[in-house]
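Hi,

Here is the structure I said I would pass on. Have a look at it first, and my notes come underneath.

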Amino acid sequence: QLIDFQWKLGMAVSSDSCRSLKYPYVAVMLKVADHSGQVKNKSFEMTIPQFQNFYRQFKEIAAIIETV
Amino acid sequence: MAGELESCKPLSGLLSGLAQDAFYGHPGITEELLRSQLYPDVPIEEFRPFQAKMRGILKSIASADMDFNQLEAFLTAQTKKQGGITSDQAAVISKFWKSHKTKIRESLMNQSRWDSGLRGLSWRVDGKSQSRHSAEIHTPVAIMELEIGKSGQKQVGVAWAKIRVPFDHTLARQESEFLCLEFDEIKVNQVLKKLSEVEESISTLMQPV
């Protein structure tokens, strides 16, 4: 069960391997509870295209769940 | 011997090998391997500074993510330097960067991603159902499975393989974690609202200043 969804839009400007990175990304922190009630944090990053795919799929889910 | 190093045919292979080592993290690409396969007649003492020079040039170009104007200016400056490169070599480097720029940039971006990434996503929606254990009729539920994992070094396709390197299985991607989530309609809409906030943020960020 998803308890909380936090997000952050970041821009990686520079790194030690590449001085001119200029790479935007979406970082997500999910707070989830399993069947026993134990709460865990899960975090991951998405590139912008990955995020947009994620968003599109969620919209599809919303459309379907409304009609079921 | 200098003539050998100036020859452009093996330079393309050298740049590929250097890129594999510097950007894609492919192990096993030693100086000796590159020399023996690409410049077998050049002694190691001469080859070493030469490949270091080429590696330095490639790293500068990648680090600055040069566009083609910057690249031309940079390479021209290199040809004018004492102990720099020839204009033929500049042409090979230029051609190499133009065809590999995107992949190298992607690889550098991946190197800077230390957090886990979203590797896969699948979902289904379950309709109304009734359980004998509970009097409640279950409302529709969306079940989503997220595959989350660290971006390990990917095995890059071996189109550059004028150099033979033993295959390294440790390059295989690290184990993924599968997270299974259930959402009812309310939850789906709550998350959707958050996602639209992200989308708005992205649009603001991407707007030309």
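Below is what turned up, going from chain B to the contact between the chains, the salt bridges and the cavity.

First, the ground rules. This is a predicted model, in which local features need pLDDT of at least 70 and side-chain atom pairs count only at pLDDT 80 or more, while totals for chains, interfaces and linings use all residues. Residues are numbered from 1 along each chain as its sequence is written, chains are lettered from A and ligands numbered from 1 in the order in which they are written, and side-chain values use heavy atoms, with hydrogens and water left out.

Chain B has seven helices and five strands (DSSP runs numbered from the N terminus: H or I of at least four residues for helices, E of at least two for strands). Along the sequence their order is α-α-α-α-α-α-β-β-β-β-β-α. Of its 209 residues, 40% count as buried (under 20% relative accessible area, with exposed meaning over 50% and partly exposed in between, for a 1.4 Å probe and protein chains only). Take the contacts in chain B between residues at least 6 apart in sequence (a contact being heavy atoms within 4.5 Å): 70% of them join residues at least 24 apart.

Now the interface. Chain B puts 48 residues into the contact and chain A puts in 42. Together they bury about 4400 Å², 70% of it on carbon and sulfur atoms (buried area is the accessible area, 1.4 Å probe, that two parts lose on being put together, summed over both). One residue to click on is B:Ser116, in the loop between α6 (87-111) and β1 (117-126) of chain B. B:Ser116 is buried at 12% relative accessible area, and its contacts beyond four places in sequence include A:Ser43, A:Phe44 and A:Glu45 as well as B:Ile148.

On to charges. The structure holds nine salt bridges over all chains (a side-chain nitrogen of Lys or Arg within 4 Å of a carboxyl oxygen of Asp or Glu), and two salt bridges are between chain B and chain A. A:Asp4 pairs with B:Lys194 at 3.9 Å, N to O. A:Asp4 sits in strand β1 of chain A and B:Lys194 in helix α7 (residues 185-206) of chain B, so this pair joins two chains. A:Asp4 is partly exposed at 26%, and B:Lys194 is partly exposed at 28%. A:Lys42, in strand β3 (residues 39-47) of chain A, and B:Glu177, in strand β5 of chain B, likewise make a pair that joins two chains, at 2.6 Å, N to O. Here A:Lys42 is buried at 14%, whereas B:Glu177 is partly exposed at 35%.

Within chain B, B:Glu197 and B:Lys193 form a salt bridge at 3.6 Å, N to O. They are four residues apart in helix α7, which means about one helical turn. B:Glu197 is partly exposed at 33%, but B:Lys193 is exposed at 54%. Shared partners also tie B:Asp65, B:Lys101 and B:Arg105 into one salt-bridge network.

Last, the cavity. Searching the whole structure gives one cavity of 30 Å³ or more, with a volume of about 40 Å³ (on a 1 Å grid over the protein atoms alone, a set of points where a 1.4 Å probe fits but cannot get out, with lining residues having an atom within 4 Å of a point; points are joined across faces, edges and corners, and the volume is the space filled by probe spheres set on them). Its lining has ten nonpolar, no polar and no charged residues (Ala, Val, Leu, Ile, Met, Phe, Trp, Tyr, Cys and Pro count as nonpolar, Asp, Glu, Lys and Arg as charged, the others, Gly among them, as polar). Both chains contribute, with A:Phe54 and B:Leu146 among the lining residues.

Cheers

Technical notes. On a 1 Å grid over the protein atoms alone, a cavity is a set of points where a 1.4 Å probe fits but cannot get out, and a pocket is an open set with protein on both sides within 12 Å along at least five of seven lines; lining residues have an atom within 4 Å of a point.
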